[in-house]
Amino acid sequence: MGEEQKETCGTICLKYLLFIFNFFFWLAGLAVMAIGTWTLVKKSDYISLLSSSTYAATAYILVVAGAVVMVTGILGCCATFKEKKTLLRVYFVLLLLIFLLEILAGILAYIYYQQLSEELKTNLRETMIVKYRTPNQESITKAVDKLQQEFRCCGSNSSQDWRESQWVKSGDSGGRQVPDSCCKTMSIGCGVSLHPSNIYKVEGGCITKLEQFILNHLKIIGAVGIGIACVQIVGMLFTCCLHRSLKADTPY
């Protein structure tokens, strides 16, 4: 009788521990999905300047993983209090799936972290001087203007890069030597003057600014992915323990 009571108390403790875990797990899922969505919605312009889709892929993985985490958290609560071993098995499988997704996001973020600098040096300058203000490249034009204004820079490496721009060479610039988005105080036609008092002169140009921004964000994505994955190990252990304790209590 005493041993049966001890097992019951152990099961109750596991249930409440798993419930508390699922509550915080659900909040973590909301945070993960928010980070992924913010990357895709608010910073989608910068994604169009990158030749690789790895950065966007990590954000999509976080959105999917975050949504699955939130559903899994609710399922975990139901499985815990209904004491259904079948639901606990499904819950465990979903935890394992999310674990793998988060690890994948972390690995992709790390890999892209290593190759980002070379990609920007190779592609950003060409993108800016070849595609800016050209037909059917409105998204690139918008992204470049936003990049230069938001990070207060001009050109990929320096403002001199715009001398090679097809837009400037073609004469469509209307006498501008750089886009108006290079100006410290932006106004129509302000790009005609290259004087330092008029345009941004940043050492390293926009490449260094964009690289630092993406690297910082990749650190966040990687840390969130690995962090949530580690927390899930605790959840899977709780689930296994509760499932084992229910074998003696419930036949189903």
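**Exercise 1.** Is Asn-136 buried or exposed?

*Solution.* Start with the ground rules: this is a predicted model, where local features need pLDDT of at least 70, side-chain atom pairs count only at pLDDT 80 or more, and totals for chains, interfaces and linings use all residues. Residues are numbered from 1 along each chain as its sequence is written, and side-chain values use heavy atoms, with hydrogens and water left out.

Next, the cut-offs: buried is under 20% relative accessible area, exposed is over 50%, and partly exposed is in between (1.4 Å probe, protein chains only). Asn-136 counts as exposed because its relative accessibility is 68%. As for where to look, Asn-136 is in the loop between helix 4 and helix 5; helices here are DSSP runs (H or I, at least four residues), numbered from the N terminus. Asn-136 also has a positive phi of about 65°, though it isn't a glycine.

**Exercise 2.** Find the residue with positive phi that follows helix 4.

*Solution.* Walk off the end of helix 4 and you meet Arg-133, with phi near 60°. Arg-133 isn't a glycine either, and its place is in the loop between helix 4 and helix 5.

**Exercise 3.** Compare the end-to-end reach of helix 3 and helix 4 with what you'd expect for each.

*Solution.* First, the yardstick: the expected span is 1.5 Å times one less than the number of residues. Helix 3, with 29 residues, reaches 41 Å from its first C-alpha to its last, close to the expected 42 Å. Helix 4 has 47 residues, yet its end C-alpha atoms are only 58 Å apart, short of the 69 Å of a straight helix. Now look along helix 4 for a bend (the angle between axes fitted to the seven residues ending at a residue and the seven starting there). There's a kink of about 45° centred on Gln-115.

**Exercise 4.** Locate the largest nonpolar core and pick out a residue with many contacts inside it.

*Solution.* Such a core is a set of buried Ala, Val, Leu, Ile, Met, Phe, Trp, Tyr and Cys residues joined through side-chain atoms within 4.5 Å. The largest one has 60 residues, and Leu-210 is among those with the most contacts inside it. Helix 4 and helix 7 (205–249) are among the elements giving it two or more residues. Then list the partners: leaving out residues up to four places away in sequence, Leu-210 touches Tyr-46, Leu-49, Leu-120, Leu-124 and Leu-147, with contact meaning heavy atoms within 4.5 Å.
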